[in-house]
Amino acid sequence: MLLALLACILWFLWRVPVRADAPRAQPPAWLAALASPVLSLARDFRPAYLPPLLVYLAAGLQGITGIVGTFFVKEQLGLSAEFLAALGFWTLVPWSLKMPIGHLTDLMWRYKALLVYLGALLVGASLLIMALLLGEPAYMAGIMTPARWYVLASLLAPTGYVLQDAVADAMTVEAVPHLHSDGSARSESETHAMHATVQTLGRVALIGGTVLVALANMWIFDGADALPAIERAALYRDVYLGALAIPLVSVSGVLFGAHLKRRTRARAFKAGLSLADARALSGDLPGSTRPNWPLLAGSALFAAFTLAMGQSGLAYAQEIVFGGSLAILAWLMTRLTREQDRATRATLWGTALVVFAFRAAPSPGAGVTWWSIDVLGFDAQFFALLSLITGVLTLAGMFALRSFMGRHGMVRIVLTLTVAQALLSLPTLAMSVGLHEWTREVTGGVVDARFIALVDTALSGPFGQIAMIPMLAWIAASAPPNLKATYFAVMASFTNLALSASDLLTKALNRHYVLSREVRDGAGKLLTAADYTALTPLLVATLLLGVLLPVLAVVAVRVMRLRTA
């Protein structure tokens, strides 16, 4: 958003002549290249796109509590990196349930706002729990242990966001009318381009939210590292209390969408259009959705199976849940797509497999963040700066690579991102063996750990959200009118299950390569000594898996003669 505003201002200033009779100046090539994709996207914007964008913006804004949560866990909760990776698996389970939630959205389409309201309540409850944990720790500990409260808050938030996200995905389809204002039909190429624009704007809203919260965090955490522990906890509490305003953003999107529908219908009736055309213009697509009972039954089985495994206490409960979830979701996808033609099914499965493998690549886990804090000396404000750089450059990359995403298929995009991410993980790997110490000595302290982290973040920033845009645009264009939310949810459930696979791989790596931060009790007694000796082999293993998984998936797609979007 900030980037778009800056580009528009620069373009405007350059185009304004000095005198009324002066010839209009032409911008330099670099400025035109920078401003052109931004202005093109701005020209394609429609007010009907705004309701889902506000829901996506709220999802981006929720990142304001990310840094606070990291330091709260490190300073006050004695949770291991393996436990946090396992918790990450359970927090992704609600996203794996997006398929039945999407179908439920289709079934109760006229009342979908209720799902957004329910999601806002769950997110608000999660934020309030964390605020009370920091503000009234003794009272909360008298009810449950802080670790249990943290787990509960970590599960409530994603449940709320998945409810809202399922509605927002369907609203992106609703936002593209199949008729012009005069009632004539739009061409398929025109609607496909509009769907691509909506999906790009959705990613812009999401990343724009992260940019805004990164700016806020830089201001909030200015000097926070020097505060006493009590004042720092109060600062963390205030962040969570302020974040209670975020659910109102998503609610405002639904309310604004209802207003736009009423206005569009009124104008259509005034222009003499029929009731059917007025509904089509306002986004009420034709077709009625009937309950897909196998889908609902399979989803109920999936939920019951997951809850049973979660309470079983089995050593490999998460792996069992993942295997069962994958089998159930694959069966549900087969049932849902059997009415589609063979080419559509092959494209859906091929695209899902490639994106699944790309997103299933593991991360090093929380231990790398602890190492960055303890060994490299990164503080909360510096993490906010890294987040800001990532957000801004991701927005820039989405605009700059927009034509690349339009010209190339999913395989080319995923392989390009895989190679880029592998190369850009090398600086952190090099710092784990002391590169930053050598560069600091050679450059007189200029190229230190923070300098390397800044450069690495600046280079890797644009790649985070890019792979999802062409996939989402294809789904939006291919989804049947009466199953718009269900189709989004099918792909989202499958690809979000890939994130669960990523957490399982991360947990396995952290179990094998153990990283320990320093933990002390309230009296300052050392409970656990810091130990980061296994960091380098952990980073190497993460790098290799991140390359192998997408490459093997592409090979499998070719062998099975599937297609990709």
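Colleague: Let's start with helix H6. Which residues in H6 are buried?
Modeller: Keep in mind that we're looking at a predicted model. Helix H6 runs over residues 98–107 and is mostly covered, with eight of its 10 residues buried. The buried ones are Lys98, Met99, Pro100, Ile101, Gly102, His103, Thr105 and Asp106.

Colleague: Let me zoom out for a second. How many helices and strands does the chain have, and what share of its residues is buried?
Modeller: The secondary structure adds up to 26 helices and two strands. The chain has 565 residues, and the share of them that counts as buried is 50%.

Colleague: And what share of the contacts with a separation of 6 or more comes from residues 24 or more positions apart?
Modeller: Here you count the contacts in the chain between residues with a separation of 6 or more. Then you ask how many of those join residues 24 or more positions apart, and the share is 80%.

Colleague: What about the outside? What percentage of the exposed area do carbon and sulfur atoms supply?
Modeller: The chain exposes about 25,800 Å². Of that area, the part supplied by carbon and sulfur atoms is 65%.

Colleague: Is Leu241 buried, partly exposed or exposed?
Modeller: Leu241 is found in helix H11, residues 229–242. Together with Leu128, Leu132 and Leu244, Leu241 makes a nonpolar surface patch of about 290 Å². Its relative accessible area is 40%, between the 20% and 50% cut-offs, so Leu241 counts as partly exposed.

Colleague: Now for something inside. Which residues does Phe302 touch, leaving out those up to four places away in sequence?
Modeller: Phe302 sits in helix H14, residues 293–312, and is buried, with a relative accessible area of 3%. Phe302 and Leu97 are 205 residues apart in sequence, yet 8.2 Å apart in space, C-alpha to C-alpha. Leu97 is also one of the residues Phe302 touches: Ser96, Leu97, Ser325 and Ile328.

Colleague: Same sort of puzzle for Thr418: which residues does it touch, again not counting those up to four places away?
Modeller: Thr418 is found in helix H20, residues 410–424. With a relative accessible area of 4%, Thr418 is buried. The residues Thr418 touches are Phe358, Gly546, Val547 and Pro550.

Colleague: On to the rings. Which residues form the aromatic cluster?
Modeller: A search of the whole structure finds three aromatic pairs. One of them is Phe378 with Phe383, an edge-to-face pair at 6.1 Å centre to centre and 80° between the planes. Both Phe378 and Phe383 are buried. The full cluster is Phe378, Phe382 and Phe383.

Colleague: Which residue lies over the face of Phe382?
Modeller: This residue is also a salt-bridge partner of Asp379, with the closest N and O atoms 3.8 Å apart. At 28% relative accessibility it counts as partly exposed. It lies 4.6 Å from the ring centre of Phe382, and its name is Arg450.

Colleague: Stay with that salt bridge. How many residues apart in sequence are the parts that Arg450 and Asp379 tie together?
Modeller: Asp379 counts as buried at 17% relative accessibility. Arg450 forms the salt bridge with Asp379. Arg450 lies in helix H23 (residues 449–460) and Asp379 in the loop between H17 (366–374) and H18 (380–400), so the parts they tie together are separated in sequence by 71 residues.

Colleague: What about Glu319 and Lys507: how many residues apart are they?
Modeller: Their side chains meet in a salt bridge, at 3.3 Å from N to O. The pair links distant parts of the chain, with Glu319 in helix H15 (residues 317–337) and Lys507 in helix H25 (residues 484–512), and the separation is 188 residues.

Colleague: Of those two, which counts as buried?
Modeller: Glu319 has 27% relative accessibility, so it counts as partly exposed. Buried means under 20%, and at 4% the residue that counts as buried is Lys507.

Colleague: Last one: which residue meets Arg237 in a salt bridge?
Modeller: The whole structure has three salt bridges. Arg237 is partly exposed at 29% relative accessibility. Its partner is partly exposed too, with a relative accessible area of 41%. The two side chains meet at 3.0 Å, N to O, and the partner is Asp238.

Terms used. Residues are numbered from 1 along each chain as its sequence is written. This is a predicted model: local features need pLDDT of at least 70, side-chain atom pairs count only at pLDDT 80 or more; totals for chains, interfaces and linings use all residues. Side-chain values use heavy atoms; hydrogens and water are left out. Helices (H or I, at least four residues) and strands (E, at least two) are DSSP runs, numbered from the N terminus. Buried means under 20% relative accessible area, exposed over 50%, partly exposed in between (1.4 Å probe, protein chains only). Contact means heavy atoms within 4.5 Å. Accessible areas come from the Shrake-Rupley method with a 1.4 Å probe; for residues, only the protein chains shown count as cover. Patches are made of residues with over 30% relative accessible area and no salt bridge: like charges are joined within 9 Å, nonpolar side chains (Val, Leu, Ile, Met, Phe, Trp, Tyr) within 5 Å. A salt bridge is a side-chain nitrogen of Lys or Arg within 4 Å of a carboxyl oxygen of Asp or Glu. Rings of Phe, Tyr and Trp (its six-membered ring) pair if their centres lie within 6.5 Å; planes under 30 degrees apart count as stacked, over 60 as edge-to-face and the rest as tilted. A charge sits over a ring if NZ of Lys or CZ of Arg is within 6 Å of the ring centre and within 35 degrees of the ring normal.
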